[in-house]
Structure formats: structure tokens, C-alpha cells
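Q: I would like a close look at a single part of the model shown below, set in the context of the whole chain. Please give the cut-offs behind each term as you use it.

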Amino acid sequence: MTQTVRVYAGECTVTYHGSDELRIQRGRVVVVHKPDGTVLVHDAEGYQPVAWLTRSSAVHLEQTEDGEFALIAVDDGERLRVESEGDSARASHDVTPAGTAVGTCPDCDGTLVRARGAVTCLDCRAEYPLPRDAGMADSTCDCGLPRMSVVRGARFEICVDRECEDLDAAVRERFDREWACPDCGADLRVVRERTLFLRCEDHPDCDETFALPRETVSGACECGLPEVGGGGSASDEATRCLDSNCDEDRSSPRTPETDR
Ligand SMILES: [Zn+2]
Ligand SMILES: [Zn+2]
Ligand SMILES: [Zn+2]
Ligand SMILES: [Zn+2]
């Protein structure tokens with residue numbers, strides 16, 4: 001999907017109509033019309049537009065044969081009209097999300113950027129959505145795409161393309177049946193329903209479920225569930241049971257980990 005920004009320039013009358021405001025300005029301005037319906041009117045100074053509508057619901061362009069134009073943006077009780085007075089210039093440009101460069105597209109050699117929750121190719125526009133808390137790993141997948149780093153009880157470094165390497169499969173392989181249900185002793189299974197979580201195998205007879213921690217497992221609780229947190233061996237930060245309601249006493253000093 002190609003996205004286009006339209007740019008208009010010239011002497012204009014700019015009329016902004018808000019719920020209790022009418023503002024009319026005239027000047028030589030540059031008008032930027034973004035693909036999401038945002039219209040910005042810039043004059044000679046500052047970063048701030050002199051008039052604007054963000055993500056307007058409709059933008060309409062009227063043109064005359066002698067090169068004049070009127071751009072009208074409307075949204076929920078607001079109306080912005082920019083009308084050229086005399087000669088005007090206009091141009092269209094392809095645009096993409098802008099973000100940190102994270103690699104090169106294996107399909108077209110374009111630059112891959114991480115922006116707005118996805119890795120996107122600036123040329124072919126291939127898009128790979130990322131989990132919200134994903135970081136970028138230093139490694140590159142065999143397919144040529146960069147890998148992301150996601151913590152779900154452990155750190156997983158997998159391809160940004162789910163069809164190439166699947167986070168669910170990796171988490172399942174690592175943690176499916178790893179722990180027993182503290183209530184009934186059956187295995188905890190890795191399940192996805194919108195998010196990944198642990199659910200007792202005896203579901204629906206046993207309704208125990210636990211979120212998969214967005215940190216690494218650091219030990220084992222007396223109840224059988226993992227402990228998470230602690231910030232690594234060099235940290236004083238307390239670890240806690242995966243079950244926030246766990247009754248095992250954690251206030252007394254912990255003895256060194258023994259094999260069980
Ligand atoms: Zn590409
Ligand atoms: Zn891959
Ligand atoms: Zn159970
Ligand atoms: Zn516990």
C-alpha cells in the first residue's frame with residue numbers, strides 16, 4: 001500500500017471553524033495533507049502550524065483550471081478551509097513510517113525500520129508486527145530478517161516473521177508441562193487466547209491459570225510454581241512466586257537454592 005503526502009504552497013486564506021471559534025488568516029503558507037487525514041498549515045516560523053486538523057474524517061480538494069485550489073478538512077464540529085489566492089504549487093510524495101533502521105529486507109534490499117509496533121520495509125512495504133514489549137536482538141535469522149528479543153519466562157530471540165519462527169511454538173517447547181498446578185498437581189500447559197498464558201491441564205475441572213511472566217524465571221517456589229524477578233544474581237531485588245496470591249512465606253531470609 002503506497003501512502004502519499006500532498007503538499008500545497010502559495011498565498012492562501014486559511015479559515016478555521018471550531019465549536020466556539022472562527023479564525024481567518026492570510027499569508028504565504030505550505031499546506032501538508034497526510035494520508036491519515038491530518039492537514040497542517042505552516043507559515044514562516046516555528047515548528048507549530050498556524051492552523052491544523054488532526055486525522056480529520058474527510059478532506060476534500062477543489063481545483064480550478066487556472067491553478068487555484070481550495071482544501072477543506074472536516075471533523076466532528078471542526079472545519080478547516082485553505083483557499084489559494086493566485087498562483088499555487090503542489091506536489092505529491094511517497095511516505096512511510098519513520099523509525100530506527102534495524103536491517104535490510106531480504107526480498108528487495110530495502111531498509112527495514114522499526115516504527116509503530118512493527119518492522120516495515122521502506123521499499124516493498126512488507127510489514128512484521130511485533131509484540132509490544134519486544135526488543136531487537138543483535139542476530140539475523142537464516143531468512144535474512146532481523147530477530148527480535150521477547151521475554152516470556154526466558155529470553156527468546158526469534159525472527160520478526162511469525163511464519164518463519166513462531167514465538168508460541170518456542171515458548172511451548174520451553175515451558176509446556178514444565179510446572180505442576182499448585183492446586184491439583186496436573187501439568188500446566190502453554191495456551192494462547194489473545195495472550196500466551198499457563199493453564200492447568202485439567203481445565204475446565206480445575207480453573208487455575210497464570211500469566212507467562214514478562215521477565216525470566218529465577219528459581220522455584222515451595223508451591224511448585226516458578227519464581228520470577230530478582231534482576232539477576234547480583235541484585236538484591238526480591239524474587240516472587242508466579243502466583244501473586246501464593247502463601248509460601250517469603251519474608252524470612254532465603255536459604256541458598258538446593259537441588260530438589
Ligand atoms: Zn522489501
Ligand atoms: Zn526468519
Ligand atoms: Zn489444576
Ligand atoms: Zn508459590
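Where in the protein is the place of Pro204?

A: Pro204 has its place in the loop between β16 and β17, where strands (E, at least two residues) and helices (H or I, at least four residues) are DSSP runs numbered from the N terminus. Residues are numbered from 1 along each chain as its sequence is written, while chains are lettered from A and ligands numbered from 1 in the order in which they are written. The model is predicted, and local features need pLDDT of at least 70, side-chain atom pairs count only at pLDDT 80 or more, and totals for chains, interfaces and linings use all residues.

The peptide bond that joins His203 and Pro204 is cis, with omega of about 5°. In general, most peptide bonds are trans, and most residues other than glycine have a negative phi.

The strands on either side of this loop belong to an open sheet of three strands, in the order β15-β16-β17, with antiparallel pairing; two strands pair if DSSP finds at least two bridges between them. At the edges stand β15 (188–193) and β17 (209–211), each with a single partner strand, so one side of each has no neighbour in the sheet. From one strand to the next the twist averages 35°, with axes being lines fitted to C-alpha atoms, for helices over the stretch in contact, and angles between N-to-C directions running from 0 to 180 degrees. Strand β16 (residues 195–200) is joined to β17 by three bridges, and the two run antiparallel. Within this pairing, Leu198 has Phe210 in β17 as its bridge partner. Helix α1 packs on the sheet, touching β15 and β16, and its direction makes about 165° with that of β15; contact here requires C-beta atoms, placed from the backbone, to lie within 7 Å.

Helix α1 (residues 167–175) also lies across β13 and β14, running at about 145° to β14, which leads to another sheet. Its three strands form an open sheet in the order β12-β13-β14, and their pairing is antiparallel. The edge strands, each paired on one side only, are β12 (135–140) and β14 (155–159), and neighbouring strands of this sheet are turned by 35° against each other on average, direction ignored. Three bridges pair β12 with strand β13 (residues 146–151) in the antiparallel sense, and Met136 stands opposite Met148 in β13. Between β13 and β14 the antiparallel pairing extends over five bridges, with Glu157 in β14 as the bridge partner of Ser149. These two strands form a hairpin with three residues between them, and Gly153 in the turn has a positive phi of about 85°.

Other loops offer further local detail. Asp142 is found in the loop between β12 and β13 and is exposed, with 9 other C-beta atoms within 10 Å; a residue is exposed if 12 or fewer other C-beta atoms, placed from the backbone, lie within 10 Å of its own, buried if 20 or more do, and partly exposed in between. Asp142 and Cys159 are 17 residues apart in sequence, and their C-alpha atoms are 8.7 Å apart in space. Asp109, in the loop between β8 (100–104) and β9 (111–115), has a positive phi near 70° although it is not glycine, and with 11 other C-beta atoms within 10 Å it is exposed. Arg116, in the loop between β9 and β10 (118–121), likewise has a positive phi, near 50°, and counts as exposed with 12 C-beta neighbours inside 10 Å.

As for the whole, the protein has one helix and 20 strands. Its radius of gyration is 28 Å, well over the 18 Å that the globule rule gives for 260 residues, so the protein is more spread out than a compact globule; the radius is taken over C-alpha atoms, and the rule is 2.2 Å times the number of residues to the power 0.38. Buried residues make up 20% of the 260 residues.

The protein averages a pLDDT of 89, and 92% of the residues score at least 70, pLDDT being the predictor's confidence in each residue, from 0 to 100. Over residues 250–260, however, pLDDT stays under 50, and the model has two contacts beyond four places in sequence for them. Where pLDDT is low, the predicted coordinates should not be read in detail.
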